[in-house]
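Work through the exercises below with the sequence and the model open. Each task is followed by a solution in steps.

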Amino acid sequence: MAVRARRARGDAETALKEAAAALFAQQGYAGATLDRIAEASGVNKAMVAYYFGDKAGLYAAVLEGGVDAVLAHVEARVSETAPPAERLESFIEALADAFAANPYFPRVLLQEYLAGGGAQTAMRPAKKLAELLAQTTRILEAGAVDGAFRPADPHMTHLS
């Protein structure tokens, strides 16, 4: 019986995160209200406080889950010892696969970027996102040193 209750709790937590991801992607942080998230998930909105503390905690969980998935794809596919051109290709493919597996995440990320990062600047997802930019920077710098790439702005390249 206890296992069943744990599974139901896990299902509620997952349902909240999935509904929140869809609504954050469509409406941004401000537009995705707890009432809408609860309705879309089929879970009582009081459960947001139980699992995540508040809406900001739920938003952080959505972002962090997406970033963790992307980082896992990148870490599994990008060899630090490969030539820069191969590393860049693997990096792009890993990002594309991660985004395809979690289709709401790129939109949530874009909403966050367009909002100036204000909702998550000091939180763990922002630090993890910085690692993706650092990967792009390392690849581009190595490629410039090797002569494989011309010098490029890592931030603009990463966003592209």
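**Exercise 1: Confidence**

Task: In this predicted model, find which helix has the lowest mean confidence and which the highest.

Solution. Confidence is lowest in helix α1 (residues 2-31), with a mean of 79, and highest in helix α2 (residues 34-41), with a mean of 96. Next, look at the start of the chain: residues 1-7 have a pLDDT below 50, and this stretch has zero contacts in the model beyond near neighbours in sequence. Where pLDDT is low, the predicted coordinates should not be read in detail. Finally, take the chain as a whole: the average pLDDT is 86, and 90% of the residues score at least 70.

**Exercise 2: Overall architecture**

Task: State how many helices and strands the chain has, and what box its C-alpha atoms fill.

Solution. Begin with secondary structure: the chain has eight helices and zero strands, so the pattern along the sequence reads α-α-α-α-α-α-α-α. Then take the dimensions: along the principal axes, the C-alpha atoms fill a box of roughly 60 × 35 × 25 Å. For the contacts, count those with a separation of 6 or more; 64% of them join residues 24 or more positions apart.

**Exercise 3: Surface and charge**

Task: Give the accessible surface of the chain, its share of buried residues and the distance between the mean positions of its charges.

Solution. The accessible surface comes to about 9,100 Å², and carbon and sulfur atoms hold 56% of that area. Of the 160 residues, 36% are buried. The chain carries 16 positive and 19 negative charges, whose mean positions lie 9 Å apart.

**Exercise 4: The nonpolar core**

Task: Identify which residues have the most contacts inside the largest nonpolar core, then list what L58 touches.

Solution. The core has 37 residues, and F24, I37, L58 and V74 have the most contacts inside it. The elements that give two or more residues to this core are α1, α3 (46-52), α4, α5 (84-101), α6 (104-114) and α7 (124-146). In soluble globular proteins, nonpolar side chains tend to be buried together. Now turn to L58: leaving out residues up to four places away in sequence, L58 touches L16, K17, A20, F24, I37, V48 and F52. Two of these partners, F24 and I37, are also named among the core residues with the most contacts.

**Exercise 5: A glutamate in helix α4**

Task: Decide whether E64 is buried or exposed, and find which residues it contacts.

Solution. E64 lies in helix α4 (residues 55-77). Its relative accessible area is 14%; the cut-off for buried is under 20%, so E64 counts as buried. Setting aside neighbours within four places in sequence, E64 is in contact with R124, P125 and K128.

**Exercise 6: Three residues and their distances**

Task: For G10, D35 and A76, classify the accessibility and give one C-alpha distance each.

Solution.

- G10 belongs to helix α1 and is partly exposed at 27% relative accessibility. Its C-alpha atom is 9.6 Å from that of Y51, 41 residues away along the chain.
- D35 sits in helix α2 and is partly exposed at 49%. The C-alpha atoms of D35 and K45 are 6.5 Å apart, with their positions ten residues apart along the chain.
- A76 is in helix α4 and is exposed, because its relative accessible area is 69%. From A76 to F91, 15 residues apart along the chain, the C-alpha separation is 9.9 Å.

Note on methods
Residues numbered from 1 in each chain as written. Predicted model: local features only at pLDDT ≥ 70, side-chain atom pairs only at ≥ 80, totals over all residues. Heavy atoms only, no water. Helix = DSSP H or I, 4+ residues; strand = E, 2+ residues; numbered from the N terminus. Buried < 20%, exposed > 50% of the residue type's maximum accessible area, 1.4 Å probe, protein only. Contact = heavy atoms within 4.5 Å. Areas by Shrake-Rupley, 256 points an atom, 1.4 Å probe, with all protein chains shown as cover. Lys, Arg positive; Asp, Glu negative; His and termini not counted. Charge placed at Lys NZ, Arg CZ, Asp CG, Glu CD. pLDDT = per-residue confidence, 0-100. Core = buried A, V, L, I, M, F, W, Y, C linked by side-chain atoms within 4.5 Å.
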